[in-house]
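This report describes one protein chain, from its overall make-up to selected residues. The sequence and the structure are shown first.

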Amino acid sequence: VAEQALRTASERLTLAQEAGGIGLFDIDLVTGRNYWTPQLEQMFGLEPRGFGGTLEHWKRLLHPDDVESASQVFERAIEGGADRIEFDFRIVRQSDGAVRTFKSLCRFTRTPDGTPLRATGVNIDVTALTEARAVAEEATQAKSAFLANMSHEIRTPMNAIIGMSHLALRTQLDRRQRNYIEKVHRSAENLLGIINDILDFSKIEAGKMELELIPFRLEDVLDNFANMIGLRAEEKGLELLFDTAHDLPTALVGDP
């Protein structure tokens, strides 16, 4: 019964490893011998019992660009007294030459004085996740570029509307006409502010956002803010007022 239970547990563990793209390893840091499960050998494109059993053989399976970095991370963790470590590396699969990305989760066993004895852990094939992340990042950059271009295209006519309405307000208008043009002018400025915000968000996502460091007056910022929401407040029969402390500095340097 015990033997059957052990066999069942082993079969379940094997199935879980295969389904999750997980391979187990156990390194004897005293002798340098390294045991891999058959699943891990298969994931690396090796024949059964094809792993040489040493760290040097593992290094030969790594992608040439990752040999130094992955080896240094592992060796520094051993020497630095770490209990566990997590790092990514790539391999060139032996069976078909495909480049695969793995995440390694490793735990160290040490003597009471810190001498390393074993390193036990799993290697997980995260190639699909890495590729999906790269596609998502590329899509985000494309979206950001589209938003930036669209914002630029929309800002051009909006600036024309603002400019023409500003000139119209300097002409002789009756009360009703002036009210209409003022609302057009204010709404255009509000919309331009929204467009600028969209452009800022697209710059942030594209990693190109830069904060300005220029002199500005707080009154101008509050005035622009009032223009943005003042029309909506007016439509609801509300009056928008700002209550600022008398000693509040208004001549500032930053990004208005």
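## Surface and overall composition

The protein chain of this predicted model exposes about 17500 Å², and carbon and sulfur atoms supply 56% of that area. Of its 256 residues, 26% count as buried.

Seven helices and seven strands are present in the protein chain. Read from the N terminus, the elements follow the order α-β-β-α-α-α-β-β-β-α-α-β-α-β. When contacts in the protein chain between residues at least 6 apart in sequence are considered, 52% join residues at least 24 apart.

## Helix H4 and its two sides

Helix H4 comprises 13 residues, 67–79. The distance from its first C-alpha to its last is 18 Å, close to the 18 Å expected at 1.5 Å a residue. After H4 comes Gly81, with a positive phi near 80°.

Five residues of H4 are named as buried: Ala70, Ser71, Phe74, Ala77 and Ile78. These residues lie on the same side of H4 because they cover an arc of only 135° around the axis. On the other side of H4, the residues Glu68, Arg76 and Glu79 are exposed. The packing partners of the buried residues of H4 are strand S1 (22–28), helix H3 (55–61), strand S3 (84–92), strand S4 (99–110) and strand S5 (116–125).

## The cavity

The model contains one cavity of 30 Å³ or more. The largest cavity holds about 100 Å³ of space. Its lining consists of Phe25, Ile27, Asn34, Trp36, Leu55, Trp58, Phe74, Phe87, Phe89, Ser104 and Asn123. The elements that contribute two or more residues to this lining are S1, strand S2 (34–36), H3 and S3.

Phe74 appears in two of these descriptions: Phe74 belongs to the buried residues of H4, and Phe74 is also part of the lining of the largest cavity.

## Lys59 in helix H3

Helix H3 contains Lys59. Is this lysine buried or exposed? Lys59 has a relative accessible area of 18%, and therefore counts as buried, the cut-off being under 20%.

Leaving aside residues up to four places away in sequence, Lys59 touches Val67, Ser71 and Glu75. Of these contacts, Ser71 is one of the buried residues of H4.

## Arg49 and Gln42

Arg49 is located in the loop between helix H2 (38–43) and H3. The phi of Arg49 is positive, near 60°, in a residue other than glycine. For comparison, most residues other than glycine have a negative phi. Arg49 is exposed, with a relative accessible area of 79%.

Gln42 lies within helix H2. With a relative accessibility of 57%, Gln42 counts as exposed, since the cut-off for that class is over 50%. Gln42 and Gln94 are 52 residues apart in sequence, and their C-alpha atoms are 9.6 Å apart in space.

## The loop between H7 and S7

Two residues are described in the loop between helix H7 (218–235) and strand S7 (251–254), with Leu248 placed there and Thr250 placed there as well. Leu248 has a relative accessibility of 37% and counts as partly exposed. Thr250 is partly exposed too, at 24% relative accessibility.

Where do these loop residues lie with respect to residues distant along the chain? The C-alpha atoms of Leu248 and Leu218 are separated by 9.3 Å, although the two residues are 30 residues apart along the chain. Thr250 and Arg217 are 33 residues apart along the chain, with their C-alpha atoms separated by 5.4 Å. Not counting residues up to four places away in sequence, the contacts of Thr250 are Phe216, Arg217, Leu218 and Glu219.

## Glu189 in helix H6

Helix H6 spans residues 175–205 and includes Glu189. Glu189 has a relative accessible area of 29%, so this residue is classed as partly exposed. Between Glu189 and Met158 there is a separation of 31 residues in sequence, and a C-alpha to C-alpha distance of 8.0 Å in space.

Notes. Residues are numbered from 1 along each chain as its sequence is written. This is a predicted model: local features need pLDDT of at least 70, side-chain atom pairs count only at pLDDT 80 or more; totals for chains, interfaces and linings use all residues. Side-chain values use heavy atoms; hydrogens and water are left out. Helices (H or I, at least four residues) and strands (E, at least two) are DSSP runs, numbered from the N terminus. The expected span of a helix is 1.5 Å times one less than its number of residues. Buried means under 20% relative accessible area, exposed over 50%, partly exposed in between (1.4 Å probe, protein chains only). The arc is that of the directions from the helix axis to the C-beta atoms. Contact means heavy atoms within 4.5 Å. Accessible areas come from the Shrake-Rupley method with a 1.4 Å probe; for residues, only the protein chains shown count as cover. On a 1 Å grid over the protein atoms alone, a cavity is a set of points where a 1.4 Å probe fits but cannot get out, and a pocket is an open set with protein on both sides within 12 Å along at least five of seven lines; lining residues have an atom within 4 Å of a point. Grid points are joined across faces, edges and corners, and a volume is the space filled by probe spheres set on the points.
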